[in-house]
Amino acid sequence: MIQMTIEEIWDRYKEDLRLAEEKIKETFNTVTPVIGLVGKHLLMGGGKRIRPFLAIATSKLLGYSGEKASVLACGVESIHTASLLHDDVVDGANIRRGRPSAHSLWGDQIVILVGDYLYSNALKLVNSLKSQKIMDAFTNATAKMSEGELIQLSKKRNPDISEEDYMTIIKGKTAILMSAACMSGGIIGDAAQKEQDALAGFGLKFGLSFQIIDDILDYMADENILGKSLGKDLEEGKITLPLIYLLKEASPQEAERIKSTIKSEKILKSDLAYILNLLNRYKSIEKSHEKARNILQEAKRELDIFKDTAEKSALLTISDYALNREK
């Protein structure tokens, strides 16, 4: 197996990602100036561009090299960006990646409409690939993403959320789009059905693990690196895996205080400090990380049917990066 570092991967795919970025910029060139303004703000915010990478790398895994990959990558990232715009409005989040969120600058109405524009334009791009299977994957993904957010909203500040509920939420919020990106990359590379299924499975499990790590970072990352304050999910009433595991282990008295904090509209620093201390004592972060690691190992095994190539190595390396990242 070819060994690659994360730096070598970004360098290897630099031109492909640049082409995808140019396509993304093109989507903001409209007769409506505010779309361009919001678009520039979003692009300046950076981001990991994991989803465009997955679309490009999986297509190259099947030997494809052409414009369809950048079109697919742009469609994937546009859907992701639209979901972030809408999520920030729903959550009332004023910070995104360490910068003011779009709705805090332009207001909810404009940002919701820009999000709608991005969704519509993304599906138009995907449709241009002339594949009903790809179109089906993305229309299903966008529907499941909305369902995931609605389920999460229905469970807001509910300390009795189950691990099964949580996995359903993150499957819809994150994993289903990554699954669609990976499978579609295979489709434009003329993958056989079993290869498409393997890539869909890889993307789904990668996405589940990726989101679990995201939720872990909310309780342990350096705030300057992460770009948001610690405990932001708790403040927004989102109950994630570390808290679910903590509530299983905590004493009745500890659980009572944790639940009281979860239900509170305002999280005091002392309450957050108390929960952070318990997360450490009961090793809830480590247990959550182990869950993510196990799911990621399953994701990697999905790639066993493919030959050992630089593209396969890149996908395996990006998996390890996703598991061990700090932001």
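**Exercise 1. Over which ring does the charged end of R257 sit, and how far is it from the ring centre?**

Solution. The model is predicted. Start at R257. Its charged end sits over the ring of Y274. The distance to the ring centre is 3.9 Å. Now look at R325. R325 lies over the face of F210, at 3.9 Å from the ring centre.

**Exercise 2. Classify the ring pair F206 and F210, and place it in the structure.**

Solution. Step one: locate the residues. F206 and F210 both lie in helix 10 (residues 193–217). They are 4 residues apart, about one turn of the helix.

Step two: check burial. Both F206 and F210 are buried.

Step three: apply the geometry. Rings pair if their centres lie within 6.5 Å, and planes under 30 degrees apart count as stacked. Here the centres are 6.0 Å apart and the planes stand at 25°, so the F206 and F210 pair is stacked. F210 also carries R325 over its face.

**Exercise 3. Test the length of helix 10 and decide how enclosed the helix is.**

Solution. Take the length first. Helix 10 has 25 residues. At 1.5 Å a residue, the expected span is 36 Å. The end C-alpha atoms of helix 10 are 36 Å apart, which agrees.

Then take burial. In helix 10, 19 of the 25 residues are buried, so the rest of the structure largely encloses this helix.

**Exercise 4. Classify the pair Y13 and F53, and say which parts of the chain it ties together.**

Solution. Begin with the whole structure: a search finds 5 aromatic pairs. For Y13 and F53, the ring centres are 5.1 Å apart. Planes over 60 degrees apart count as edge-to-face. The Y13 and F53 planes stand at 85°, so this pair is edge-to-face.

Next, location. Y13 lies in the loop between helix 1 (6–12) and helix 2 (14–27). F53 lies in helix 4 (residues 50–61). The pair therefore ties together parts that are 40 residues apart in sequence.

Now burial. Y13 has a relative accessible area of 1% and is buried. F53 is buried too, at 0%.

Finally, widen the view. W10, Y13, F53 and Y321 form one aromatic cluster.

**Exercise 5. Which residues make the nonpolar surface patch of about 290 Å²? Is L153 buried, partly exposed or exposed?**

Solution. The patch is made by V90, L150 and L153. L153 is found in helix 8 (residues 132–154). Buried means under 20% relative accessible area, and exposed means over 50%. L153 has 44%, so L153 counts as partly exposed.

Note on methods: Residues numbered from 1 in each chain as written. Predicted model: local features only at pLDDT ≥ 70, side-chain atom pairs only at ≥ 80, totals over all residues. Heavy atoms only, no water. Helix = DSSP H or I, 4+ residues; strand = E, 2+ residues; numbered from the N terminus. Buried < 20%, exposed > 50% of the residue type's maximum accessible area, 1.4 Å probe, protein only. Lys NZ or Arg CZ within 6 Å of the ring centre and 35° of its normal. Patch = residues over 30% accessible without salt bridge, like charges linked within 9 Å, V, L, I, M, F, W, Y side chains within 5 Å. Areas by Shrake-Rupley, 256 points an atom, 1.4 Å probe, with all protein chains shown as cover. Salt bridge = Lys/Arg side-chain N within 4 Å of Asp/Glu carboxyl O. Expected span 1.5 Å × (residues − 1).
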